[in-house]
Amino acid sequence: RDPATGVFGPPLATTPVPLGAGLPPLPEGTRIVLRAKADSWLQVRDRQGPVLLNRVLRAGETWPVPPGKQPGQLLLTTGNAGGTEVLVDGQLTVGLGNDGAVRRDLPLDPDAIRDGRLAPPVVAVRTPVPKR
């Protein structure tokens, strides 16, 4: 574990990129990139247990999700869903939720992400019926 970054295993660089700019060069085979549009605590862990990322990404920083895992093998938890962007094959996907919302154990499966399956759940709100 790198005490400076909180990253377990071999370090993968986080790269500050001005919002609106293109992505930096990515490791071969990388399909998913996490990007902070606001400061966001992120954790990425393997279903088997090892934590790959556990830190705050600052606005503009990116983190390439390591390739070579089975789709959905890695899980994302974010403490600021509205400040976390997910890109698949260089394309921005549907938002994860509101600013400050916590989302846990989101499977990092490129096809599921692109299909919008990481979108926040819709909560039905019942409107009270006025009493007569």
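Reader: Before we get to β8, when do two strands count as paired here?
Author: Two strands pair if DSSP finds at least two bridges between them; in this predicted model, β7 and strand β8 (residues 91-92) meet that with 2 bridges in the antiparallel sense, and Gln91 in β8 is the bridge partner of Val88.

Reader: And which residue of β7 partners Val33?
Author: That is Leu87, as part of the antiparallel pairing of β7 with strand β2 (residues 32-36), which runs over 5 bridges.

Reader: Are the faces of β7 covered or open?
Author: Both faces are covered, with Thr84, Val86 and Val88 buried on one side and Glu85 and Leu87 buried on the other.

Reader: What about the hairpin of β7 and β8, what phi does Asp89 take?
Author: Asp89 takes a positive phi near 50 degrees, in a hairpin that has 2 residues between the strands.

Reader: Switching to charges, where do Arg31 and Asp89 sit in the chain?
Author: Their side chains meet in a salt bridge at 2.8 Å, N to O, and the pair links distant parts of the chain, with Arg31 in the loop between β1 (15-16) and β2 and Asp89 in the loop between β7 and β8, 58 residues apart.

Reader: Why does Asp89 count as partly exposed?
Author: Because its relative accessibility is 38%, and partly exposed covers what lies between under 20% for buried and over 50% for exposed.

Reader: How far apart are the closest N and O atoms of Arg114 and Asp89?
Author: They are 3.0 Å apart in a salt bridge, and since Arg114 lies in helix α1 (residues 110-114), the pair ties together parts that are 25 residues apart in sequence.

Conventions
Residues numbered from 1 in each chain as written. Predicted model: local features only at pLDDT ≥ 70, side-chain atom pairs only at ≥ 80, totals over all residues. Heavy atoms only, no water. Buried < 20%, exposed > 50% of the residue type's maximum accessible area, 1.4 Å probe, protein only. Helix = DSSP H or I, 4+ residues; strand = E, 2+ residues; numbered from the N terminus. Salt bridge = Lys/Arg side-chain N within 4 Å of Asp/Glu carboxyl O.
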